[in-house]
Amino acid sequence: MSLTRYEIVRRYGGWSIACGDACGPPYLDRETAVRDATWVAELLIEHGEDVELYVDGEAVEIDPERAALQALIPTQWRH
């Protein structure tokens, strides 16, 4: 299984989620970009993938137990 690495980077006048050579559209604030990238990383971990997330070059700790618990929460109740 390969490792997926996401990075929150300053691009396009905002904060974007980058993965390899791909870079998504900008978010207006860094916190929202981090929240969404963390959510995606947790979903991938929940399905057995290896994921790393970096913000400003620093690794963000992703809790695999939290990711597993998220699977039990109905989608409409998730934040």
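Which residue stands opposite Ile8 in β2? Ile17 does. The exercises below build outward from that pair.

The model is predicted, so local features need pLDDT of at least 70, side-chain atom pairs count only at pLDDT 80 or more, and totals for chains, interfaces and linings use all residues. Residues are numbered from 1 along each chain as its sequence is written, and side-chain values use heavy atoms, with hydrogens and water left out.

**Exercise 1. Work out the strand order of the sheet.**

Step 1. Fix the terms. Strands (E, at least two residues) and helices (H or I, at least four) are DSSP runs, numbered from the N terminus. Two strands pair if DSSP finds at least two bridges between them.

Step 2. Take β1 and β2. They pair in the antiparallel sense over six bridges. Arg10 has Trp15 as its bridge partner in β2.

Step 3. Take β1 and β4. Their pairing is parallel, again with six bridges. Leu3 stands opposite Asp50 in β4, and Arg5 stands opposite Glu52.

Step 4. Take β4 and β5. Two bridges join them in the antiparallel sense. Tyr54 is opposite Ala59 in β5.

Step 5. Assemble. The result is an open sheet of five strands, ordered β3-β2-β1-β4-β5, with mixed pairing. β3 (22-23) and β5 stand at the edges with a single partner strand each, so one side of each is left without a neighbour in the sheet.

**Exercise 2. Find the residues with positive phi in the two hairpins, and state their exposure.**

Step 1. Recall the background. Most residues other than glycine have a negative phi.

Step 2. Look between β1 (3-11) and β2 (14-19). Tyr12 is in this loop. The hairpin has two residues between the strands, and Tyr12 takes a positive phi near 55 degrees.

Step 3. Look between β4 (50-55) and β5 (58-59). Asp56 is in this loop. This hairpin also has two residues between its strands, and Asp56 in the turn has a positive phi of about 55 degrees.

Step 4. Classify exposure. Buried means under 20% relative accessible area, exposed over 50%, and partly exposed in between (1.4 Å probe, protein chains only). Tyr12 is exposed because its relative accessible area is 58%. Asp56 is partly exposed, because its value is 47%.

**Exercise 3. Check helix α1, from its cap to the residue that follows.**

Step 1. Test the length. The expected span is 1.5 Å times one less than the number of residues. Helix α1 (residues 30-46) has 17 residues and should span 24 Å; its end C-alpha atoms are 24 Å apart, which agrees.

Step 2. Inspect the N-terminal end. Asp29 caps α1, with a side-chain oxygen 3.4 Å from the backbone nitrogen of Glu31.

Step 3. List the buried residues. In α1 they are Ala33, Asp36, Ala37, Thr38, Ala41, Glu42 and Ile45. An α-helix has 3.6 residues a turn, so residues three or four places apart point the same way.

Step 4. Look past the helix. Gly48 follows α1 and has a positive phi, near 90 degrees.

**Exercise 4. Describe the surroundings of Glu7.**

Step 1. Place the residue. Glu7 is in strand β1. With a relative accessible area of 31%, Glu7 is partly exposed.

Step 2. Collect contacts, meaning heavy atoms within 4.5 Å. Leaving aside neighbours within four places in sequence, Glu7 is in contact with Ser16, Ile17, Ala18 and Tyr54.

Step 3. Add the polar contact. The term means a pair of N or O atoms within 3.5 Å; within protein, one must be able to donate a hydrogen and the other to accept it, and residues adjacent in sequence count only if both atoms are side-chain atoms. The side chains of Glu7 and Arg5 make one at 3.4 Å.

Step 4. Relate the strand residue to Val34. Glu7 and Val34 are 27 residues apart in sequence and 8.9 Å apart in space, C-alpha to C-alpha.

**Exercise 5. Identify the charges over aromatic rings.**

Step 1. Apply the criterion: NZ of Lys or CZ of Arg within 6 Å of the ring centre and within 35 degrees of the ring normal.

Step 2. Read off the cases. Arg5 lies over the face of Tyr54, 3.7 Å from the ring centre. Arg30 lies over the face of Trp15, at 5.9 Å.
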